Amino acid sequence: MHQLTKTDFKYYLDCPESLWLLKNKPDVYPKGEFSLFAEKLIKEGYEVEAYAKKLFANGIDLPDYSSPAPLKALTNSHKVYFQPSFITNKTVFARIDVLERLVDGTWHVYEVKSSTSIKKDRKHRQIEDACFQTYVLNECGYTVSKVSIIHLNKTYVKQGSIDANELLVITEVTDAVEGIYSRVVNQINAASNFINKKSINETVCSCKYKTRTNHCDAFDYFNTTIPEYSIYEIGRISAKKIGLLADNEQLAIIDIPADFELNVNQQTQVASVKEKQPKINEVNIQRELDKLRFPLHFIDYETYASSIPRLDGLSPHKHLTFQVSIHTLKEDGTLTHFEYLLDTMKMPRDMLQAMQYFTGSTGTFISWHASFEIGRNKDLEKWLPQFTTYLTYITEHTFDLETIFKKDYIDYRFHGSSSIKKVLPVLCPGISYSDLNVSNGTMALDTWGRMVLDPNFDEDIEATRKNLLEYCKLDTLAMVEIYKFLKEL
Ligand code: SF4
């Protein structure tokens, strides 16, 4: 009989079929991008738990995860226990972050989360998590009278050593848990039954009727007949329209009837696929590019963020800009390059100084998905107010090159995306990220974080620096080449 854990249950609520496959055929479950980012989140979760323990002076660890803790061990000794584990007779398993015995002999369950608020949305389902833990304890004979979530304090700003009482907030959610308890119990029973089914229909799954954002890594496993350039690639298409097309087995964009209602951008994408031609609005593109003022500064930041702030002045999950690359193109075609990479975890004061010296407050700054860079400029203004005038200039003179690829340059080979990683290989096939040792922002964040924070970092520091610099440099060079390509249309 398969065990059902809290994580399994969350997967079940997302999609029963996906969990069934994972439990029953783990070898065929497609390994998606379980990424560095996910690993980092797990590590950070442990760190937050370690701080949460500091809120309970006399708590004890029950680290034996392999077997459920015996009832007596809990009730006869300490008041607070960390990580005790329990299993019901239907093999529903829970490990409780913090469990406190109250004076009346009932129990207070604490769930530790690395978010800065209680998240009830589909992705997080934190109340369902707390409810799951409560259910397992109740089933094992413990009366739970109080449930709380310990999460990060959004307003916390690190100054010196971290005080767990300031870093964390305890919010009681007993009423919210009670409100969903009977529904969750039914769902837990249904999940247990479902994962123990001998077989399910593996030839199709319900995401055939849902938009791409709902699909999991197993979509192709369950839906083997999805064509290339499928309806799921159409930008911002609604689930209702996916449903209408899927009902008629019109899964390929080329099969969409001419009179099917789509918005202008969607129609353009469909036309691009059907005609195997990019759809380019040259007038709009040149009008946008003509607004730019030389020199053009193609700029890209790399940032580091963590649940527990590592630097005085930072709050949980705030992004510290640790690297910048700027390619500056003058009107006469001269191209110069500036780059800066912090060697330690510190405020990027020297970086901004050098950057300001390089660009001055002149010309237009060009980013891809500029809201990210603009957000970082606003953070930097708060932390280093002496650069406010310069950073405000950048923000007010920033052009987002990605916007061109949202409406005025649509190419079926972008597969419905406007990401630079999809656009670049089509427009400038000579430039590629694939040969780089650092090839995306998450890798950059992880690599830099380990390099400057991990005392056991054993990779070659010079080679690591070079890899980071090459990656960021390619991002801005790619924008230069795409800009030149557009100018030559
Ligand atoms: S693609 Fe959707 S329905 Fe299919 S297994 Fe994944 S989440 Fe479930």
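**View 1. The shell around the ligand, drawn from two domains of the predicted model.** In this predicted model, the shell around the ligand takes at least three residues from each of domain 1 (6–195) and domain 2 (206–276). The residues around the ligand are Cys15, Glu17, Ser18, Cys205, Ser206, Cys207, Asn214, His215, Cys216, Ala218, Phe219 and Phe222, and the elements that contribute two or more residues to this shell are helix 2 and helix 8 (219–222). Sorted by class, the shell consists of 7 nonpolar, 4 polar and 1 charged residues.

**View 2. Helix 1 against helix 2.** The axes of helix 1 (residues 6–14) and helix 2 (residues 16–24) come within 6 Å and cross at roughly 135 degrees; the two helices are therefore oblique to each other. On the helix 1 side the contact involves Asp8, Tyr11, Tyr12 and Asp14, which meet Pro16, Ser18, Leu19 and Leu22 in helix 2. By class, the residues of this contact divide into 5 nonpolar, 1 polar and 2 charged. Ser18 of helix 2, which belongs to this contact, is also listed among the residues around the ligand.

**View 3. The division into domains and the contact of domain 1 with domain 3.** The protein chain is divided into domain 1 (6–195), domain 2 (206–276) and domain 3 (286–487). Between domain 1 and domain 3, the C-alpha centres lie 38 Å apart, and the contact takes 17 residues from domain 1 and 14 residues from domain 3. On the side of domain 1 that touches domain 3, the largest share, 7 residues, comes from helix 3 (residues 36–53). The residues of that side of domain 1 divide into 8 nonpolar, 5 polar and 4 charged.

**View 4. The open sheet of 6 strands, with helix 5 lying across two of its strands.** This open sheet has 6 strands in the order 1-2-5-6-7-8, and its pairing is mixed; the edge strands, each of which pairs on one side only, are strand 1 (60–61) and strand 8 (168–172). Strand 1 runs parallel to strand 2 (residues 80–82), and 2 bridges join them; within this pairing, Asp61 has Phe82 in strand 2 as its bridge partner. Helix 5 (residues 126–139) lies across strand 6 (107–112) and strand 7 (144–152), and the helix runs at about 145 degrees to strand 6.

**View 5. The open sheet of 5 strands, with helix 13 and helix 17.** In this second view of a sheet, the strands follow the order 12-11-10-13-14 in an open arrangement of 5 strands with mixed pairing. Strand 12 (335–341) and strand 14 (398–400) are the edge strands, each pairing on one side only, and the twist averages 25 degrees from one strand to the next. Strand 10 (residues 296–304) pairs with strand 13 (residues 364–367) in the parallel sense over 3 bridges, and here His297 stands opposite Phe365 in strand 13. Helix 13 (residues 371–383) packs on the sheet, where it touches strand 10, strand 11 (320–329), strand 13 and strand 14, and the direction of helix 13 makes about 70 degrees with that of strand 10. Helix 17 (residues 441–453) lies across strand 10 and strand 11, running at about 55 degrees to strand 10.

Key:
Residues numbered from 1 in each chain as written. Predicted model: local features only at pLDDT ≥ 70, side-chain atom pairs only at ≥ 80, totals over all residues. Pairing = 2+ DSSP bridges. Helix = DSSP H or I, 4+ residues; strand = E, 2+ residues; numbered from the N terminus. Axes fitted to C-alpha atoms, helices over the stretch in contact; angles between N-to-C directions. Contact = placed C-beta atoms within 7 Å. Parallel < 35°, antiparallel > 145°, perpendicular 65-115°, else oblique. Nonpolar A, V, L, I, M, F, W, Y, C, P; charged D, E, K, R; others polar. Near = placed C-beta within 6 Å. Domains from an automatic or database assignment.
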